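Please examine the sequence and the structure shown below before reading on. The report that follows describes selected features in turn.

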Amino acid sequence: MMSDPIHLKPLAFLTDTKDIKPILVVLNQRIDEEIHIFKHVWKNAVMKIFVDGATNRIYDSFGEDKTKFIPDLITGDFDSARPEVLEFYKNKGSQIISTPDQNFTDFTKCLHEVFKQDKDKEFDEIIVLGAFGGRLDHVFANINTLFEIQSMNNKPVYCIADGNLACLIQKGKTVVSVNTGYELEYCGLIPIGQPVSHATTMGLKWNLENQEMKFGDLISTSNTYDGSGSDVTIETNEPILWTMTYKKP
């Protein structure tokens, strides 16, 4: 028996909806371009987390207003976060957890802590700011985290930076909502974890029809929507990375 499709609303966090309960994670990259998004998501987030050097960035960015943005949790191996900054947030009530294991990235270890501590916390999605930019190996590491946490989490994790969003599409059928008004032209499907033997889409200008996708052969980049205003439907036999560009509010 076929299971029901997964429904994703990747850009709903940019709207004024109060129906979505996100967890906000901030990584150690510039978020100057996402400050408005940071403030917007912060208002509705059921949990707010700074990861290592992101703590410095938020502390330095907001001056006297920094007391308005006190996270619930700060994690990392703390090779970047300044001691006096950690002490400031600790005194304001943030929980500080050191995660020194070098077999995982700070991002992965952060999510381990979230799922370990708050198994019963009700949330709909995880918004990750600062996921791209900077060193290329860090970008790939962040994408790898999406694969590493699959067994621990069935909620979508949206990685965001510089007008780009990426998330993992699970095997099976997924319906992606693309009608918030914040979608820009480009989108893509990247078989980055492993080859995909069967991929079929509807709602794209260049749809896939039960096609194989793998590096060294077909990948779907610089794709776009078919102009109908309908959702995008994706069927795949393996997890695949969805990317899309968005208009900054």
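The sections below treat the sheets, the helices, the cores, several single residues and the cysteines.

## The model and its ten-stranded sheet

The structure is a predicted model. In it, ten strands form an open sheet with mixed pairing, in the order S5-S4-S3-S2-S6-S7-S8-S15-S10-S13. At the edges stand strand S5, residues 95-98, and strand S13, each of which pairs on one side only. From one strand to the next, the twist averages 20°.

One pairing in this sheet may be followed residue by residue. Strand S3 (residues 47-51) and strand S4 (residues 73-76) are joined by three bridges and pair in the parallel sense. Within this pairing, Phe 50 stands opposite Ile 74 of S4.

## The five-stranded sheet

Another open sheet consists of five strands in the order S1-S9-S14-S11-S12, and its pairing is mixed. Its edges are strand S1 (6-8) and S12; each has a single partner strand, so one side of each is left without a neighbour in the sheet. The twist of this sheet averages 30° from one strand to the next.

Strand S9 (residues 172-176) and strand S14 (residues 232-236) run antiparallel and are joined by five bridges. Here Val 176 stands opposite Val 232 in S14.

## Helices lying across strands

Helix H1, residues 35-44, lies across strand S2 (22-26), S3, strand S6 (125-129) and strand S15 (240-246). Its direction is at about 140° to S2. Helix H4 (residues 106-117) lies across S2, S3, S4, S5, S6 and strand S7 (157-161). H4 runs at about 150° to S3.

## Nonpolar cores

Which residues have the most contacts inside the largest nonpolar core? They are Phe 13, Leu 24, Phe 38 and Trp 242, in a core of 47 residues. Apart from this core lies another, of 30 residues, which includes Val 25, Val 128, Cys 159 and Leu 241.

Trp 242 has many partners that lie beyond four places in sequence, among them Leu 165, Ala 166, Cys 167 and Ile 169. Its contacts also include Val 176 and Val 232, the residues that stand opposite each other in the pairing of S9 with S14.

## A buried isoleucine

Ile 169 lies in strand S8, residues 164-169. Is this residue buried or exposed? Its relative accessibility is 0%, and it therefore counts as buried.

Setting aside its neighbours within four places in sequence, Ile 169 is in contact with residues including Leu 8, Thr 174, Val 176, Ile 234 and Trp 242. A separation in sequence can also be compared with a distance in space: Ile 169 and Glu 235 are 66 residues apart in the chain, and their C-alpha atoms are 9.1 Å apart.

## A buried lysine

Lys 109 belongs to helix H4. This lysine counts as buried because its relative accessibility is 5%, under the 20% limit. A polar atom of its side chain lies 2.5 Å from the backbone oxygen of Thr 99. Beyond its neighbours within four places in sequence, Lys 109 is in contact with Asp 77, Thr 99, Pro 100, Asp 101, Gln 102 and Phe 104.

## Residues with positive phi

Two residues other than glycine may be considered for their backbone angle phi. Asn 210 has a positive phi near 50° and is located in the loop between strand S11 (196-202) and strand S12 (211-213). Ser 222 has a positive phi of about 50°, but its place is in strand S13, residues 220-224. Ser 222 counts as exposed because its relative accessibility is 52%, over the 50% limit.

## Cysteines without disulfides

A disulfide is a covalent bond between the sulfur atoms of two cysteines. How many disulfides are counted in this model? The count is zero, with a pair of sulfur atoms required to lie within 2.5 Å.

Two cysteines illustrate the reasoning. The closest cysteine sulfur to that of Cys 110 is in Cys 159, at 11 Å, which is too far for a bond. For Cys 159, the closest cysteine sulfur is in Cys 167, at 8.6 Å, and this distance is also too far for a bond. Cys 110 is buried, at 0% relative accessibility, and Cys 159 is buried, with a relative accessible area of 2%.

How values were computed. Residues are numbered from 1 along each chain as its sequence is written. This is a predicted model: local features need pLDDT of at least 70, side-chain atom pairs count only at pLDDT 80 or more; totals for chains, interfaces and linings use all residues. Side-chain values use heavy atoms; hydrogens and water are left out. Helices (H or I, at least four residues) and strands (E, at least two) are DSSP runs, numbered from the N terminus. Buried means under 20% relative accessible area, exposed over 50%, partly exposed in between (1.4 Å probe, protein chains only). A nonpolar core is a set of buried Ala, Val, Leu, Ile, Met, Phe, Trp, Tyr and Cys residues joined through side-chain atoms within 4.5 Å. Contact means heavy atoms within 4.5 Å. Two strands pair if DSSP finds at least two bridges between them. Axes are lines fitted to C-alpha atoms, for helices over the stretch in contact, and angles run from 0 to 180 degrees between N-to-C directions. A polar contact is a pair of N or O atoms within 3.5 Å; within protein, one must be able to donate a hydrogen and the other to accept it, and residues adjacent in sequence count only if both atoms are side-chain atoms.
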